[in-house]
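Please open the model in a viewer and keep the sequence panel visible. The tour below proceeds by selections, each followed by a description of what is found there.

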Amino acid sequence: MDQAAFEGVRVVELAQWVFVPVAGALLADWGADVVRVERPEGDPYRGLATQGIGTDGGGVNLSVALANRGKRSLAIDLRSEQGRQVLGQLLETADVFLTNFRPGALRRLGLDSDTLTARFPRLVYARGHGYGVRGPGADRPGYDSSAFWAQGGLAHVLTPPERDAPISQRGAMGDRNGAMALAFGIASALLRRERTGRGTVVDVSLLATAMWTLSSDILSALTGQTPRAASGVDAYRNPLVGSYRTKDGRHIQLVFLEPDRYWADFCRLVGREDLVADPRFTDLAARAANRAACVAEIAAIFADRTFAEWKDLLGGIDAPWAPVQAVEELLTDPQVLANDYLGEVTAEGGPSYRLPTGPVQFDEHPPALRRAPEHGEHTESVLLELGYTWEQIGTFAETGVIP
């Protein structure tokens, strides 16, 4: 790609943790100049120990690397008048202001949407939050495990009824899904600005992200039903949609959403042609009426072969299925490798490491990954770009405006 999609777009990011910074990283992937504004003590996410990939990783902080790749870091104290003045000058050069600070904090800093959109009519003002900008929860703090996973319904609907406590989510699931939506909103707002000349306020909440993720269950609830995870034979309303245990304790997921189309071919493939004419299983209605018997037959068939044998055998049917893989198996999955879904970051003078490239590609190519900045790494260069002298920068350091 000769020119990156967001080349020439400047994003000023005043955010911390994961949700909104990942949106900034996605824009940086495709060429935006993302200036990340951090407080002098740094984003608290830099100090988080999690899953052996944060400060507990013993090397590169991969959590921070994924959320902040390709950006520049300006460390400055916005509690000071000089710090707020610097940010104001930086915003004069910006196309997008990206933040997850809460409304009260933004108002105190003079960075609320009304103030900035009046001052900069072409500015795209993008904010990510927990619960939306209106209502009693507008100023509540919200992480993905609270606003997305818990209040958003995922913990409830995914927990099997026999469990006493909700299942736990994986790290930053809502954050990274919300970040994709926010990046899409920003791209749409920039397109709109090209057509109208005016900026837009873009909002994405973790609560709304959860509802969108659970759209099928939301639709079910709107019809008066009570969506909940099913277990046992109740989970197999269509016996050809579900996971089956192999001889060696692994699982294969069948997704035959058109079961009558695939039933005969499947039975012949596995050497059970007798089941094709079995009156209990002749069509979807019969298999549903005799669900327990059908599931038992299929389960017994799967128990006769190993995971590897099933992958080989099912390669002979043109139907949707997949092996249930462990995450570590994705690292060597032929489809992952062939499509460059993992990329390598090579830092001059530093260690190289791999990161997911993200789901979007242009012209069949993923973005070229760049490393995340160290805290405040570009403070001096950004200030010089804004016209400050080395003497003024020295004074900022002496007075604590910059670290």
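Select Trp-17 to begin. Trp-17 is partly exposed, with a relative accessible area of 23%; this value, like every other on the tour, comes from a predicted model. Trp-17 sits in the loop that connects strand 1 with helix 1. Its phi is near 65°, a positive value in a residue other than glycine.

A second residue to select is Gln-51, in the loop between strand 2 (33-38) and helix 2 (62-68). Here too phi is positive in a residue other than glycine, near 60°. Is Gln-51 buried or exposed? Gln-51 counts as exposed because its relative accessibility is 55%, and the cut-off for that class is over 50%.

**The parallel sheet**

Now display the strands as a cartoon and look for the open sheet of six strands, whose order is 3-2-1-4-5-6 and whose pairing is parallel. Which strands lie at the edges? They are strand 3 (72-75) and strand 6 (201-205), each of which pairs on one side only. Direction ignored, neighbouring strands of this sheet are turned by 20° against each other on average.

Within the sheet, select strand 1 (residues 10-14) together with strand 4 (residues 96-99): the two run parallel and are joined by four bridges. Glu-13 has Leu-98 of strand 4 opposite it.

Next, add helix 8 (residues 173-196), which lies across strand 4, strand 5 (124-129) and strand 6. The helix runs at about 165° to strand 6.

**The nonpolar cores**

In soluble globular proteins, nonpolar side chains tend to be buried together. To see this here, select Val-11, Val-96, Leu-182 and Ile-186, the residues with the most contacts inside the largest nonpolar core, which has 42 residues. Helix 1 (residues 19-29) supplies the largest share of this core, seven residues. Apart from this core lies another, of 27 residues, including Leu-14, Leu-74, Leu-90 and Leu-116.

Centre the view on Val-96 and show its surroundings. Leaving aside residues up to four places away in sequence, Val-96 touches Val-9, Arg-10, Val-11, Val-12, Leu-123, Val-124, Ala-126, Ile-186 and Leu-190.

**Helix 9**

Select helix 9 (residues 206-213) and colour its buried residues, which are Leu-206, Leu-207, Thr-209 and Ala-210. Viewed down the axis of helix 9, these fall within an arc of 160°, so they line one face of the helix. Among the elements that cover the buried residues of helix 9 are helix 1, strand 5, helix 6 (144-150), helix 7 (154-158), helix 8 and strand 6.

**Strands 10 and 11**

Move to strand 10 (residues 342-345) and strand 11, which run antiparallel and are joined by four bridges. Val-345 has Tyr-353 as its bridge partner in strand 11. Show the side chains of strand 11 (residues 353-356), which alternate. Tyr-353 and Leu-355 point to one face and are buried, while Arg-354 and Pro-356 point to the other and are not.

**The last stop**

Finally, select His-378, in the loop between strand 11 and helix 17 (379-385). His-378 is buried, with a relative accessible area of 17%. Which residues does His-378 touch, not counting residues up to four places away in sequence? They are Lys-71, Arg-72, Ser-73 and Pro-373.

Note on methods: Residues numbered from 1 in each chain as written. Predicted model: local features only at pLDDT ≥ 70, side-chain atom pairs only at ≥ 80, totals over all residues. Heavy atoms only, no water. Core = buried A, V, L, I, M, F, W, Y, C linked by side-chain atoms within 4.5 Å. Buried < 20%, exposed > 50% of the residue type's maximum accessible area, 1.4 Å probe, protein only. Contact = heavy atoms within 4.5 Å. Pairing = 2+ DSSP bridges. Axes fitted to C-alpha atoms, helices over the stretch in contact; angles between N-to-C directions. Arc of directions from axis to C-beta.
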